[in-house]
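Colleague: I would like to take a close look at a single part of this model, and I would be glad if you could go through it slowly, with the reasoning spelled out.

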Amino acid sequence: MKSKLLQSTANHEAGHAVVAYYRHYPFKRVTIIPDEAAGSLGHILFKKLRSFNSIELNITPTLAARIADNIVISFAGGIAQQKYHKRGYNHFHSSGDQQSAVDLAFRINGSSEAANTHSAHEGACSRHLERSG
């Protein structure tokens, strides 16, 4: 059981890493060592992690593109995990990533309806990248 969870986590984190690489989003490392304090089974550590939560954030086209990259990367972990562990996939494992993606989409779209549409589009982009890789 533990080895299946470890393999599933590895696929999940690899999904984030592969899409980050294709999106030219630099990262330092990927780990499948659990972090109980953060409530994660693994994570990817980006080189330049920018907070997109500032209220005064001026959304330029370049920043909007970086946020879109981050949304695609957020979805990629769960998609990779589901691809390799169809029966063992649990939506709970990706719920934090999905919530992060929706929050980011809301930041650049300003409405829940637009954010959900944007998130769906970026999720489709992630699935396409996972199939091609």
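Is arginine 66 buried, partly exposed or exposed, judged by its relative accessibility? Please start there and then work outwards through its surroundings.

Modeller: Please keep in mind throughout that this is a predicted model. Arginine 66 has a relative accessibility of 29%, and because the partly exposed class runs between 20% and 50%, this residue counts as partly exposed. Its side chain meets that of aspartate 69 in a salt bridge, with 3.0 Å from N to O. Both residues belong to helix 2, where they sit three residues apart, which is about one turn of the helix.

Aspartate 69 has a second partner, since its side chain also meets that of arginine 23 in a salt bridge, here at 2.7 Å from N to O. Arginine 23 is located in the loop between helix 1 and strand 1, whereas aspartate 69 is in helix 2, so this pair ties together parts that lie 46 residues apart in sequence. The structure holds two salt bridges, and through shared partners such bridges join Arg23, Arg66 and Asp69 into one network. With a relative accessible area of 10%, aspartate 69 is under the 20% cut-off and is therefore buried, while arginine 23, at 22%, is partly exposed.

Let us now follow the helix that carries two of these residues. Helix 2 covers residues 61-84, and its 24 residues, at 1.5 Å a residue, should span 34 Å; the C-alpha atoms at its ends are 35 Å apart, so the expected and the computed values agree. Helix 2 nevertheless has a kink of about 30°, which is centred on alanine 76.

On the other side of the network, we can look at what flanks the loop of arginine 23. Helix 1, made of residues 2-22, contains tyrosine 21, which counts as exposed because its relative accessibility is 60%, over the cut-off of 50%. Tyr21 forms a nonpolar surface patch with Val18 and Tyr22, and together these residues have about 350 Å² of accessible area.

Strand 1, which comprises residues 27-31, pairs with strand 2 in the antiparallel sense over four bridges. Threonine 31 has histidine 43, in strand 2, as its bridge partner. Along strand 2 the side chains alternate, with Ile44 and Phe46 buried and pointing to one face, whereas His43 and Leu45 point to the other and are not buried.

Definitions and conventions
Residues are numbered from 1 along each chain as its sequence is written. This is a predicted model: local features need pLDDT of at least 70, side-chain atom pairs count only at pLDDT 80 or more; totals for chains, interfaces and linings use all residues. Side-chain values use heavy atoms; hydrogens and water are left out. Helices (H or I, at least four residues) and strands (E, at least two) are DSSP runs, numbered from the N terminus. The expected span of a helix is 1.5 Å times one less than its number of residues. The bend at a residue is the angle between axes fitted to the seven residues ending there and the seven starting there. Patches are made of residues with over 30% relative accessible area and no salt bridge: like charges are joined within 9 Å, nonpolar side chains (Val, Leu, Ile, Met, Phe, Trp, Tyr) within 5 Å. Accessible areas come from the Shrake-Rupley method with a 1.4 Å probe; for residues, only the protein chains shown count as cover. A salt bridge is a side-chain nitrogen of Lys or Arg within 4 Å of a carboxyl oxygen of Asp or Glu. Buried means under 20% relative accessible area, exposed over 50%, partly exposed in between (1.4 Å probe, protein chains only). Two strands pair if DSSP finds at least two bridges between them.
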